[in-house]
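Biologist: I should like to learn how helices, pockets and loop residues are read from a model. Could we take these features in turn?

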Amino acid sequence: MEKRTFNFRRLARIVLSVIAVLIMAVLCTGWYLNRHWNKMLRQELQGYVADLSDSLYTVQFSDLQLNVLSGSVTLTKASMTLDSVVYQRMRASHRAPSSIYLVSVEKLQLRYFKPWRYFMKKELNAGALVVTAPSIVMLQDATVKDTTHPRTAYENISTKMKSIFIGRFQLDSTNFKYIFTRKDSSRVIHQFRDLRVRVNDFLIDSLALKDPSRFLYARNYEIGMKDYLHRTKDSLYWMHLRRISYDAAEQTFNIGQFEIEPRYDKATFQQKTGYQQDRYDVTFNDIKVHHLNPRLLLQEQQIWAQQVTIRGGKVNIYRDRTLPMPPGNKLGQFPNQQLEKVQVPLKIDTLTGSNIGITYTELSPVSGQTGTISFSNVFGRFRNITNIDSLVRKNGHCTADLDAIFMQSGKLRARFDFMLHNKAGQFAVSGDLKNMNGRDLNAVTQPLGKVEIKSCNIRHLSFNIKGDERKAAGKVTLLYDNLKIALLKQDKDHKGFTRKGLVSFVANILVIKDSNPLKGEAVRVANPSYSRDIQKSFFNLVWKTLFTGVKETAGAGNI
């Protein structure tokens, strides 16, 4: 019997021929479907927009390309415009929508598009929609009366399609203009440039609107803005806003960093002002505004937020006391008075800041040297920040609770209570300071007061002060022991200090009380009062009142 051998070459030729035929069939089918479906898609796209908007909008584009094999649809130079004649007719019959949109894009690309499901099942399904350089104008008119029954997005598309699903919706370099016409016909205009918008898992079908895990048919909307740089009106500072974004699902506005940066160094800054003025260097990191109400912000220009958090930052303040005082006074500039003057209606339930460092540095005209007060690891919580009359009538107090390390060792706690809409700026402040090494105060007392604290153990300082923009008074209790001081004199060049030995000895023996309470005596309690220098700040009044009580307790009232 004749033995047959298997011909691998012949099999390979057959397989390759079959593959070639299949490839040709796919390419020919793709070519045919591309031509056929391209034509259908052009007609349907324009028809969809006209039908769904009752001929209110018209879509135009320079080119549309469908690639069946790669699963992509590309639209170039596209725009959606309003037919003003149709709009006026709808408005006259009370059928016009209150919001209209004008859109133009450089390029729109639908990726990972499934044409078979679209043309055969009427389901638009795509992995991504990328829009390049869109320009969107949204006009919202509260004077428009629409008597038609409100329809959901699914009800609008259901006559044409069963569903729309886009895995990722991306708009790059977006220019957005929002114009809102109030019922009194006044207008509010907002314009944003170079926005970046990300929409995740967008779905319109019969169930999506009722899905609690979705927000406006999507899992989330994320809006980012370019970094913002602004020069203040007085030209003394740059204001930076970096990494700005908005999370629509959580209604959270995020700022990666907020910075107020002086444009000049300390010496040049003071030359520019010509008189005493605080120089600020401020940075706040990771700012989140929770549950921000975008409708009130855009339409009514009101800021309503449930909570604001700041996680980290610094506030450095410098003042040159060698310059003349500025003209005028600082009446009407207490925190509660300033809040009332804010032009924008404001309501923030809670503002919380943590891990913030604060320093205040002052150049003395007497010693020519600087003294610095510092607060580290500051944690603060402000409640009921508002200037809205109806809310102030319900709760007329804005409070602030602060915890910090004072001058490296003192554990400070303070509570401020500001009376809102109070013309005199009434306030109250209370708190305590524990376990502080008094020598840490030498960074302030030596350059600014020419007094050296040689030793002092501050066990507990408690205070309760009330006042207004003219004066303050209260109760101060300072418990301490082993207080020794040295009075200082300075050389002619204002470089170094030396102790006044005899005067210091007399002060420690005859004037200074080295502890409270003294042995066999009751605790001394001071009741200081202080009339404000109206050219100085709110914090200067609080500090001077407290310091008056401390000096009285220590017997150093005249030093």
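Modeller: What follows treats two helices, a pocket and a loop residue in a predicted model.

Biologist: Which residues of helix H2 are buried?

Modeller: The general idea comes first. Because an α-helix has 3.6 residues a turn, residues three or four places apart point the same way. In H2, which spans residues 84-92, the buried residues are Val-86, Tyr-87 and Met-90. They fall within an arc of 100 degrees as seen down the axis of H2, so they line one face of the helix. Exposed Val-85 and Ala-92 are carried on the face turned away from that buried side.

Biologist: What covers the buried residues of H2?

Modeller: The cover includes strand S3 (72-82) and strand S4 (99-111). At the start of H2, the backbone nitrogen of Val-85 has a side-chain oxygen of Asp-83 within 3.1 Å. Just after H2, His-94 adopts a positive phi of about 60 degrees.

Biologist: How is helix H5 to be read, and which of its residues are buried?

Modeller: The same reading applies. H5 covers residues 266-273, and Phe-269, Gln-270 and Thr-273 are buried there. Their arc around the axis is only 95 degrees, which puts them on the same side of H5. Gln-271 and Lys-272 are exposed on the face turned away from the buried side. The buried residues of H5 pack against three strands: S11 (237-247), S13 (279-290) and S14 (303-320). Just after H5, a positive phi of about 80 degrees is found at Gly-274.

Biologist: Let us turn to pockets. Which residues lie nearest the centre of the second largest pocket?

Modeller: Rolling a probe the size of a water molecule over the atoms shows where empty space is left. The second largest pocket holds about 150 Å³ of space. Its lining has 14 residues, and those nearest the centre are Tyr-87, Arg-91, Ile-100, Leu-139 and Asp-141. At least two lining residues each come from H2, S4, strand S6 (135-141) and strand S7 (163-181). By character, the lining comprises six nonpolar, five polar and three charged residues.

Biologist: Finally, is Ser-367 buried or exposed?

Modeller: A residue counts as buried under 20% relative accessible area. Ser-367 has a relative accessible area of 0%, and is therefore buried. Ser-367 belongs to the loop between strand S15 (346-363) and strand S16 (370-386).

Biologist: What does the side chain of Ser-367 reach?

Modeller: The side chain of Ser-367 reaches the backbone nitrogen of Gln-369 at 3.2 Å. A polar atom of that side chain also lies 2.5 Å from the backbone oxygen of Pro-447.

Notes
Residues numbered from 1 in each chain as written. Predicted model: local features only at pLDDT ≥ 70, side-chain atom pairs only at ≥ 80, totals over all residues. Heavy atoms only, no water. Helix = DSSP H or I, 4+ residues; strand = E, 2+ residues; numbered from the N terminus. Buried < 20%, exposed > 50% of the residue type's maximum accessible area, 1.4 Å probe, protein only. Polar contact = N/O pair within 3.5 Å; in protein donor to acceptor, adjacent residues only side chain to side chain. Arc of directions from axis to C-beta. Contact = heavy atoms within 4.5 Å. 1 Å grid on protein atoms, 1.4 Å probe; cavity = no way out; pocket = protein on both sides within 12 Å on 5 of 7 lines; lining within 4 Å. Points joined across faces, edges and corners; volume = space filled by probe spheres on them. Nonpolar A, V, L, I, M, F, W, Y, C, P; charged D, E, K, R; others polar.
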